[in-house]
Amino acid sequence: MSDYEDANPLADAYLDTLAIRSGINRTHEGEHSEPIFATSSYVFSNAAEAAERFSGELSGNVYSRYTNPTVRAFEQRLAALEGAEAAVATASGMAAILSVCMALFKSGDHVVCSRDVFGTTISLFSKYLAKFGIEVTFVPLLNIEGWRNAVQPNTVMFFLETPSNPLCEVADLSALSKLARANDCLLAVDNCFCTPALQRPLALGADIVVHSATKYLDGQGRCMGGAVVGGRQHMDEVLTFLRTAGPTMSPFNAWVFLKGLETLRLRMEAHSRSALVIAEWLQQQSAVEKVYYAGLEDHPGHALAARQQSAFGGVLSFLVKGGREEAWQFTDATRLMSLTANLGDAKTTIVHPATTTHARLTPQQRAEAGIKEGLIRIAVGLEHVEDLIADLQRGLAGIR
Ligand SMILES: *Cc1c(COP(=O)(O)O)cnc(C)c1O
């Protein structure tokens, strides 16, 4: 055989190719699209094989709480995109974060977490980890001294999201991974907003990536799912937790996410392109005080985001002059965009963070986090950008 025939076509493949060609394990039927293995268990050809598969001596499927070919295909494809050794799919994004905690923490451990992460992550950490004797310190995302000062002898992990929601603050992943390493802690990054199409945290020194597949990996708002991505040893520990506790991804959802990954880069580029057009348009409106989007050159995180990400993503926020009343008038006057807190959908969504996603914070916590009453967040979808701008114009006209 020549070198060409011998070569693995995915060894040095581009992300676009990996998103379409990795994780394919064709059955004898010769199907082109990946099949959905809707089965809870698997049969063995004899008692000895059953014993060997149960003991792990022989690899192969046993029970879909922890082994399913469709779920495995999704895991392999996502791991390939993140440049990771392995991935473990979970029932939701929160199940992914919980699985990391249960697999890797023990009582007496300490975690440093960005203050600017998904609200339910903060609840999980502060309400439930505390019950099991795991302490969490929350620090502002961009304050590297804050991260350094928060480290204790028992600190085991840094956890963050970048860019942050809703203000699009951009954390320096290389700097934080060096700090984590110097203190013998792991760096875990929730890569939900960028996805591996725009940002690959493991290449910048992170140890673990978590995803809410519910958002951009699906991209059309159909299914709940999540994933943990990282080195083999950590993923084995996460999978052992999954096998024991059961927050497993369904094969049907895994199939939807597999198909979602095929179009991920095209979608992320389109979301990013429209978001930039909208951010620039909003900046020119007299009723808009400020626009928060790292794609804008005057955003403090612009240069870092340009280095660390291949585009700026689909989520942006803006501050209307006035306060809550004006923001509500704006959102209620739009007709095309969906008024919902979700994101990562082909359909553009609009939300007032202070009274929805960030309503659980006290007024002082909201002030510290910069979530003002006039702030509106949009997650730009895939509609034509001119129609979205026309809808934003309706919003502006709604302010009395
Ligand atoms: C939605 C979201 C989650 C939680 O994911 P679910 O799939 O809803 O459980 C976690 N992190 C971020 C950044 C999210 O946007």
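These questions and answers cover the two domains, the ligand site and some local backbone features of a predicted model.

Residues are numbered from 1 along each chain as its sequence is written. Local features need pLDDT of at least 70, side-chain atom pairs count only at pLDDT 80 or more, totals for chains, interfaces and linings use all residues, and side-chain values use heavy atoms, with hydrogens and water left out.

Q: What distance separates the centres of domain 1 and domain 2?
A: The chain is divided into domain 1 (15-262) and domain 2 (265-397). These bounds come from an automatic or database domain assignment. Taken over C-alpha atoms, the centres are separated by 27 Å.

Q: What area is buried between domain 1 and domain 2?
A: In contact (heavy atoms within 4.5 Å) are 34 residues of domain 1 and 35 residues of domain 2. Buried area is the accessible area (1.4 Å probe) that two parts lose on being put together, summed over both. Carbon and sulfur atoms give 56% of a total of about 2800 Å².

Q: Which residues of domain 1 lose the most area to domain 2?
A: Three residues together account for 27% of what the domain 1 side buries. They are L167, L198 and Y216.

Q: How far apart are the closest N and O atoms of the salt bridge between D16 and R265?
A: A salt bridge is a side-chain nitrogen of Lys or Arg within 4 Å of a carboxyl oxygen of Asp or Glu. The rule finds 1 across the interface of domain 1 and domain 2. For D16 and R265, the closest N and O atoms are separated by 2.3 Å.

Q: How many nonpolar residues does the side of domain 1 that touches domain 2 have?
A: Helices here are DSSP runs (H or I, at least four residues), as are strands (E, at least two), numbered from the N terminus. α2 (15-21), α6 (119-131), α8 (173-182) and α9 (195-198) each supply at least two residues of this side. Ala, Val, Leu, Ile, Met, Phe, Trp, Tyr, Cys and Pro count as nonpolar, Asp, Glu, Lys and Arg as charged, and the others, Gly among them, as polar. By class, there are 12 polar, 7 charged and, as asked, 15 nonpolar residues.

Q: Which residue has a side-chain N or O atom 2.6 Å from a nitrogen atom of the ligand?
A: The ligand is surrounded by 13 residues (a heavy atom within 4 Å). A backbone N or O atom of M94 lies 2.9 Å from a ligand oxygen atom. T214 places a polar side-chain atom 2.6 Å from an oxygen atom of the ligand. The partner of the ligand nitrogen is D190.

Q: What separation do the C-alpha atoms of I399 and Q329 have?
A: I399 lies in the segment after α16 (385-398). Leaving aside neighbours within four places in sequence, I399 contacts V320, E326, Q329 and F330. I399 and Q329 are 70 residues apart along the chain, but their C-alpha atoms are separated by 5.4 Å.

Q: Which residue in the loop between β4 and α8 has a positive phi?
A: The bond from T162 to P163 is cis, with omega near -5°. The bond from N165 to P166 is cis too, with omega near 5°. P163 is in the loop between β4 (155-161) and α8, and P166 lies there as well. In that loop, phi is near 60° in a residue other than glycine, C168.

Technical notes. A polar contact is a pair of N or O atoms within 3.5 Å; within protein, one must be able to donate a hydrogen and the other to accept it, and residues adjacent in sequence count only if both atoms are side-chain atoms.
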